[in-house]
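Subject: Structure for your review, with notes

Dear colleague,

I am passing on the structure we talked about, so that you can have it open while you read. My notes come after it.

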Amino acid sequence: MSRCGIHALRWPFTSNEVDGIIKKLDKCRDNISFNLQVDQTYVLLSIFCPKAEVDIIEYRAEILKIKQEIVLNKLKSADNAAFDSYAEEHNARCYQGTRAELLRQIRTWASDPGRECIFWLNGMAGTGKSTISRTVAQIFSDEGKLGASFFFKRGEGDRGHAAMLFTTIAAQLVQKLPSLAPHIHNAIEADPAVPTKTLKQQFDTLVSEPLSRLCFDPQEPPTIVIVVDALDECVREEDVRVMISLFSQAKRLSSVRLKFFLTSRPELPIRLGFGDISGSYEYLALHQIPEPIIESDIHAFLEYELARIRNDYNNSVPEDRQLSPNWPGKTNIQSLVQMAIPLFIFATTTCRFIKDRRCGAPGDQLAKVLKYKTKSQESELDATYLPILDQLLIGLTSLRKDEVVRKFKEVVGTIVILASPLSTTSLARLLDISKARVDQTLDLLHSVLSIPSNADTPVRLLHLSFGDFLLDTEKRGKHLFWIDAKDVHKILATKCLDRLSLGECLKKDICNLQTPERPRADIDKQTIDAHLPLDIQYACQYWVYHAKECGSVIRDDDQAHNFLQRHFLHWLEALSLMGRVSESISMIDDLIAMLDVSDLRLLNSRIC
């Protein structure tokens with residue numbers, strides 16, 4: 001009798017077998033879908049083609065297009081990483097006539113098949129590396145040589161690490177070279193998990209091997225340039241050395257001339273990475289460019305921008321308020337040039353400050369900047385940013401100054417530390433303060449922050465050096481606006497958990513689907529965003545990061561422990577809906593590392 005009834009039934013598969021069957025079924029579904037699309041294309045061409053037979057070239061082109069779409073759907077790309085993305089649209093390119101010799105050298109390197117496959121441009125913060133990168137990418141795009149571009153940016157989500165570097169590059173290459181699609185499609189079919197594998201596996205499988213299979217004239221293979229900007233803004237230093245090593249392997253390709261244009265600050269991990277491939281790259285340090293050339297370029301930029309500011313201002317005010325036709329004058333321009341050298345960021349930030357009518361008329365703004373000409377500055381960044389910050393406190397009482405500084409640290413400190421940018425609306429919700437308070441704090445900071453008029457568009461640093469200036473530990477006690485990164489991380493970790501624990505922000509079946517088996521791909525983004533607002537998504541994705549960065553320790557009955565007891569599965573469900581569940585493994589590892597050691601010892605003693 002014991003073998004009768006439900007107890008006699010046994011599941012015929014092991015868990016590993018089930019996983020394998022599911023993967024095979026998924027592959028079959030994709031193949032059936034692809035073949036149906038191909039057959040549909042053939043039928044449509046047969047109907048609408050005026051010839052008796054379908055043009056085989058057109059038919060193949062349609063098949064290629066279908067494979068291209070399939071590949072692009074399977075490759076996750078980092079948002080706004082390309083030079084021509086929306087987020088990069090208003091960022092500067094080299095002003096006409098400036099950097100002429102440098103740009104000539106880069107174009108010569110790219111066109112010469114005998115030159116090395118890597119060109120490394122390095123320079124300290126604010127010397128114009130990213131501006132040059134955008135210009136180089138635009139030049140090669142216009143010439144049809146640009147294969148892809150990736151602009152690292154710390155604090156911009158997936159642009160701050162290398163996990164999606166090669167999937168993003170592969171996606172852009174497929175768009176530029178549709179003939180790559182079948183090869184990358186086959187690679188993903190053979191190993192669907194390749195986009196999550198090691199950097200080397202991703203590079204080999206999604207970039208190097210597919211490019212090696214292309215057929216071009218072996219005597220004149222095409223040149224493909226990939227631009228990767230700001231390697232120093234990749235958060236994992238060990239990844240940078242791996243990337244540099246992989247880029248150097250481009251010289252092995254014979255089907256195409258693959259070249260990498262790279263920029264970074266000359267930081268130690270990056271120098272060590274290039275040391276590993278000694279002799280396989282060319283480089284130029286911006287500080288090696290003769291000072292007269294830098295001075296001439298900055299002078300040309302300032303002369304042009306200040307003339308434009310003068311004209312715009314004069315066209316908007318009555319004649320009695322207009323600036324003189326020769327404003328600001330040769331002497332003032334030369335003073336600004338001397339204050340700027342060698343930092344282009346000083347010139348661009350100063351022009352934004354002078355142009356910002358919220359702070360005053362251009363003549364008054366220029367006078368504020370020139371006051372710092374005679375002051376002893378410990379760094380060029382002081383002269384760049386202190387005029388902007390000091391004007392926040394002009395004419396205020398001591399009590400009011402303290403309030404302004406406190407709000408600045410609360411709002412701007414958060415913006416600087418965020419792992420991914422948020423809009424003013426989401427920022428206010430996360431910090432549990434009014435949106436008006438956020439807006440008022442940011443009103444006079446348009447020369448250092450990108451503050452969109454749309455309240456749902458993220459606020460961004462215009463240049464990373466502003467964050468560097470505010471967080472520099474050597475500035476502690478030297479100016480009122482210094483920000484303690486550890487303190488802000490601690491506040492954000494707490495605010496994230498507060499937000500996630502509020503009401504029903506997280507719960508079972510958070511999107512009210514009532515069908516747990518429903519694939520995430522079948523759930524539209526609008527539904528997810530409606531039930532998981534962007535501040536909630538941020539808190540889900542980054543609360544562990546902030547807790548780790550502030551050195552948090554998890555103990556029994558503390559905030560993190562209580563959250564995990566109540567919402568652990570809800571949190572994983574939210575991450576799954578966001579397409580981030582794979583990241584939960586590393587988050588859990590970090591949480592385990594944060595456990596109070598004394599609690600673990602007590603647990604072990606009880607077990608023993």
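The notes below take up a strand and its neighbours, then a helix, and then the salt bridges. Please keep in mind throughout that this is a predicted model.

I begin with strand β3 (residues 223–229), where seven of the seven residues are buried, so that the strand is largely enclosed by the rest of the structure. Thr 223, Val 225, Val 227 and Asp 229 point one way from β3, while Ile 224, Ile 226 and Val 228 point the other way. This is in keeping with the general rule that side chains in a regular strand alternate between the two faces of the sheet. Residues on either side of β3 are buried, Asp 229 on the one and Ile 226 on the other being among them.

As for its partners, β3 runs parallel to β2, to which five bridges join it, and Ser 149 stands opposite Val 227 of β3. Strand β4 (residues 257–264) also runs parallel to β3, with six bridges between the two, and there Val 225 has Lys 259 in β4 as its bridge partner. Together with helix α8 (residues 237–247), β3 and β4 make a right-handed β-α-β unit.

The next element is helix α21 (residues 534–549), whose 16 residues reach 22 Å from the first C-alpha to the last, close to the 22 Å expected at 1.5 Å a residue. The helix nevertheless has a kink of about 50 degrees, centred on Tyr 542, and Tyr 542 is itself one of the buried residues of α21. Because twelve of the 16 residues are buried, α21 is largely enclosed by the rest of the structure; the buried set includes Asp 535, Gln 537, Trp 543 and His 546. What do these buried residues of α21 pack against? Their contacts are with α15 (398–417), α16 (424–431), α19 (485–500), α20, α22 (559–577) and α23 (584–593). Just after α21, Gly 551 takes a positive phi of about 75 degrees.

Turning to charged pairs, a search of the whole structure finds 30 salt bridges, of which I describe three. In one of them, the side chains of Arg 154 and Asp 468 meet at 3.7 Å, N to O. That pair links distant parts of the chain, since Arg 154 lies in the loop between β2 (146–151) and α5 (165–176) and Asp 468 in helix α18 (residues 464–471), 314 residues apart. Arg 154 counts as partly exposed, at 37% relative accessibility, and Asp 468 is likewise partly exposed, at 22%. Both residues also belong to a network of salt bridges that links Arg 154, Asp 232, Arg 265 and Asp 468.

A second pair is Asp 529 with Lys 525, whose closest N and O atoms are 2.6 Å apart. Both residues lie in helix α20 (residues 525–531), four residues apart, or about one turn of the helix. An α-helix has 3.6 residues a turn, so residues three or four places apart point the same way. Asp 529 is partly exposed, with a relative accessible area of 26%, whereas Lys 525 is exposed, at 55%.

In the third pair, Lys 507 forms a salt bridge with Glu 504, with 3.7 Å between the closest N and O atoms. Lys 507 is partly exposed at 23% relative accessibility, while Glu 504 is exposed at 60%.

With best regards

Note on methods
Residues numbered from 1 in each chain as written. Predicted model: local features only at pLDDT ≥ 70, side-chain atom pairs only at ≥ 80, totals over all residues. Heavy atoms only, no water. Salt bridge = Lys/Arg side-chain N within 4 Å of Asp/Glu carboxyl O. Buried < 20%, exposed > 50% of the residue type's maximum accessible area, 1.4 Å probe, protein only. Expected span 1.5 Å × (residues − 1). Bend = angle between axes of the 7 residues up to and from the residue. Contact = heavy atoms within 4.5 Å. Pairing = 2+ DSSP bridges. Right-handed = clockwise from strand over helix to strand, strands pointing away.
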